[in-house]
Amino acid sequence: MCKPNEIGKRHVLDVYNALKHYLYSNSIVSYSEPVQETVKYIVGLYPDIRSVRNKFETDKPDSNPDLLLTLHNNDEAKLNLFYIKRRAAIQPKNLGAKSFLENYFLSQELQDKFNAYFSKEYELYLQSIMDFRGYRNVYDRIPELKKKVRAYYPKFEAEINPFRRSFLFILREYCFQLMKDEFNKETTGIEHAFKELMMFDTTNIITRYTKENKCFGVEEWKSIIKIEQEIQIYKKGNDTIGIRSGTEALTIRFKFESGPTSSVKLATSYEHFPEEEGVVHKNLRSIQIFEGLLEQHKQINKKDDSNAVGKCNEAMVYYRILETDPKIHQVDEEDFHLLLKSYAPYISHKTLLNIQQSSTKAVEKIDEYLNEKYPVYKIESIQLVPENYIKDRLDTSDLKIIIRVEGEYIEESLSLKAISKSSAKITVKNPGAGTILGPLYFDIGSLTLVTDEVRDRFNQKLITRYQCLELISAALGESLRMADQKKLQKGVAAIRGTATTIITNYTKDKSLILKHDVISGEVEVFPRIPSPIQTTLRWNDKQEELSLRIKFGKGKQHGWSSVKLACEYSVEV
């Protein structure tokens with residue numbers, strides 16, 4: 001059975017060859033009925049065709065129309081051909097991830113940036129799947145990783161779908177960042193892509209066929225969109241970018257062509273972006289559903305789970321922002337409902353109500369922060385950042401707010417934390433021990449040899465689990481103690497993250513905002529403080545403190561498991 005793209009290519013080539021025969025006054029009866037009728041339709045539209053070229057004769061087929069007609073007066077006509085069964089809808093183009101910015105947004109520079117980022121993230125995606133399986137060689141690169149992943153997973157299965165979602169989300173986020181910067185420079189690339197993919201400047205001919213390959217009809221499709229309003233960009237769901245003019249929108253969705261190691265494509269589609277009244281109606285309904293979930297809350301365990309407290313706080317702050325301004329576009333309308341459904345059962349009703357009450361203070365702090373930074377702004381959209389399954393992400397944000405300031409798009413990333421005591425340590429990151437000294441963080445070497453040696457000794461039952469942690473922590477502390485200040489500051493900044501942090505004490509109804517500026521003052525290193533498995537870093541005249549605690553990724557019953565660091569930042573609210 002032929003794939004849709006193969007059927008489409010065959011149709012273009014058949015129509016091209018039949019049209020050439022027709023232009024040379026040769027018979028075309030040997031071609032199928034749909035092809036014959038398509039040629040007649042084209043000639044009816046353009047009776048004075050001098051020559052024809054198909055896109056597969058060009059160096060870049062994806063950036064050319066299916067057929068290019070040259071008329072006797074030397075004018076040119078661009079044709080796109082669609083071959084569709086009966087009344088089915090048009091299937092817009094699938095774009096190649098590694099060429100779409102060059103072909104449609106007319107930017108080789110953006111494409112080069114995206115491709116470099118793609119390669120790095122694709123390798124991390126494959127590595128993460130192999131880590132999940134428990135089998136990975138640190139020296140494997142993309143070709144070896146693809147072979148191994150394909151052997152375990154010839155197709156996507158439920159257990160690795162989280163890795164797929166994370167990878168596609170990461171690609172969408174970076175692509176939106178590139179488009180946002182391009183929009184702010186007022187270049188013409190986004191408008192050009194919108195027109196090309198909406199097929200403004202081409203004649204679009206739909207040939208419909210029956211099961212018996214008979215012609216069901218030939219027609220022309222014309223876009224009724226008029227670009228009278230500003231072109232705007234937006235995000236949608238987990239892996240989609242939208243470009244719109246008024247209420248007419250083009251969406252571009254990242255997807256795998258088939259299995260976990262297949263190529264990544266971008267599926268284009270069209271949608272109607274709602275007017276402000278429709279956005280408000282949808283958001284009020286969304287708020288109502290969330291409040292219904294609060295009323296139905298039931299706790300299923302006796303103690304509050306700290307992770308559940310944090311996730312419920314994220315959902316609650318999001319809800320409070322939406323309640324304050326229901327005109328805001330939601331990137332994903334389900335996320336904050338699902339977050340509450342998933343985590344609220346693991347905290348008490350009293351704690352949930354406290355988090356709901358204190359979320360007002362958190363939003364006040366966010367407003368205060370934005371008003372101080374941007375005297376005049378408009379919030380365009382909000383999104384919750386999903387849990388990441390791709391290893392070692394430096395982005396620690398939980399909530400993203402896209403605003404417009406003097407016509408430009410600006411994205412504010414916020415980290416949301418909830419604590420129950422005035423003094424507390426909040427976990428800001430959980431990197432792997434194998435990467436903490438590497439280029440992502442301190443860039444002074446690696447703990448891999450140490451962890452390998454310790455693992456061997458543990459497997460030989462020469463040392464205990466706690467002694468393993470002590471030895472690895474000692475090696476970490478000594479490496480950091482010998483590091484220069486630039487490396488220490490780099491590592492601290494990477495661990496702490498760049499996202500502005502809103503910390504809420506939900507028992508005291510108080511919030512604090514931490515703006516992560518440059519690391520100020522000398523970073524001091526204190527190995528084995530406050531325990532043999534911790535290294536403490538202090539800076540800013542010892543006003544700020546970060547504790548790096550070595551731990552196993554899994555419990556004692558699993559024996560040896562991946563070694564991680566709990567990076568805890570001390571705060572007072």
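# Contacts, burial and helix packing

Reader: Which residues does tyrosine 234 touch, not counting residues up to four places away in sequence?
Author: Tyrosine 234 touches Phe176, Thr240, Ile241, Gly242, Ile243, Arg244, Ala249, Thr251, Glu271, Phe273 and His329. This is a predicted model. The residue lies in strand E7, which covers residues 231-236.

Reader: Why is tyrosine 234 called buried or exposed?
Author: The relative accessible area of tyrosine 234 is 6%. Buried means under 20%, so tyrosine 234 is buried.

Reader: What makes the pair of tyrosine 234 and glutamate 271 a polar contact?
Author: The side chains of tyrosine 234 and glutamate 271 are joined at 2.6 Å. The cut-off for a pair of N or O atoms is 3.5 Å, with one atom able to donate a hydrogen and the other to accept it. The pair therefore counts as a polar contact.

Reader: Which other side chain does glutamate 271 join in a polar contact?
Author: Lysine 236 is joined to glutamate 271 by a polar contact of 2.4 Å between side chains. Glutamate 271 sits in strand E10, residues 264-272. Leaving out residues up to four places away in sequence, glutamate 271 touches Tyr234, Lys236, Thr247, Glu248, Ala249 and Thr251.

Reader: Why is glutamate 545 counted as buried or exposed?
Author: Glutamate 545 has a relative accessibility of 19%. The limit for buried is under 20%, so glutamate 545 counts as buried. Its place is in strand E20, residues 544-552.

Reader: What does the side chain of glutamate 545 join in a polar contact?
Author: The side chain of arginine 538 is joined to that of glutamate 545 at 2.8 Å. Arg538 is also one of the residues touched by glutamate 545, among them Lys425, Trp539, Glu568 and Tyr569.

Reader: What makes tyrosine 152 count as it does at 30% relative accessibility?
Author: Buried means under 20% and exposed means over 50%, with partly exposed in between. At 30%, tyrosine 152 therefore counts as partly exposed. Tyrosine 152 belongs to helix H5, residues 142-152. Apart from neighbours within four places in sequence, tyrosine 152 is in contact with Met130, Arg133 and Tyr135. Between the C-alpha atoms of tyrosine 152 and arginine 133 the separation is 8.7 Å, and the two are 19 residues apart along the chain.

Reader: How do the axes of H9 and H10 run relative to each other, and why?
Author: The axes of helix H9 (residues 306-324) and helix H10 (residues 335-343) come within 9 Å and cross at roughly 150 degrees. Angles over 145 count as roughly antiparallel, so H9 is roughly antiparallel to H10. The crossing of H9 past H10 is left-handed. Residues of H9 that meet H10 include Asn307, Lys311, Glu314 and Leu322, and Phe336 and Tyr343 are among those on the H10 side. The residues of this contact divide into 10 nonpolar, 1 polar and 2 charged.

Reader: What makes H9 stand as it does to H11?
Author: H9 packs with helix H11 (residues 349-373) at about 55 degrees, and the axes are 8 Å apart. Angles under 35 degrees count as roughly parallel and 65 to 115 as roughly perpendicular, so a value of about 55 falls into neither class and H9 is oblique to H11. H9 passes H11 in a right-handed crossing. On the H9 side the contact includes Val309, Met316 and Ile321, and on the H11 side Leu352, Ile355 and Val363. By class, the contact of H9 with H11 has 11 nonpolar, 7 polar and 1 charged residues.

Reader: What is unusual in backbone terms about aspartate 443?
Author: Most residues other than glycine have a negative phi. Phi of aspartate 443 is near 60 degrees, a positive value. Aspartate 443 lies in the loop between strand E15 (423-429) and helix H12 (448-459). With a relative accessible area of 33%, aspartate 443 is partly exposed.

Reader: Where is asparagine 540, and what is its phi?
Author: Asparagine 540 is in the loop between E19 and E20. Its phi is positive, about 55 degrees, although asparagine 540 is not a glycine. At 23% relative accessible area, asparagine 540 is partly exposed.

Reader: What kind of peptide bond joins isoleucine 529 and proline 530?
Author: Most peptide bonds are trans. The bond between isoleucine 529 and proline 530 is cis, with omega about 5 degrees. Proline 530 is in the loop between strand E18 (524-527) and strand E19 (534-539).

Terms used. Residues numbered from 1 in each chain as written. Predicted model: local features only at pLDDT ≥ 70, side-chain atom pairs only at ≥ 80, totals over all residues. Heavy atoms only, no water. Axes fitted to C-alpha atoms, helices over the stretch in contact; angles between N-to-C directions. Helix = DSSP H or I, 4+ residues; strand = E, 2+ residues; numbered from the N terminus. Left-handed = near helix turned anticlockwise from the far one by under 90°. Contact = heavy atoms within 4.5 Å. Nonpolar A, V, L, I, M, F, W, Y, C, P; charged D, E, K, R; others polar. Buried < 20%, exposed > 50% of the residue type's maximum accessible area, 1.4 Å probe, protein only.
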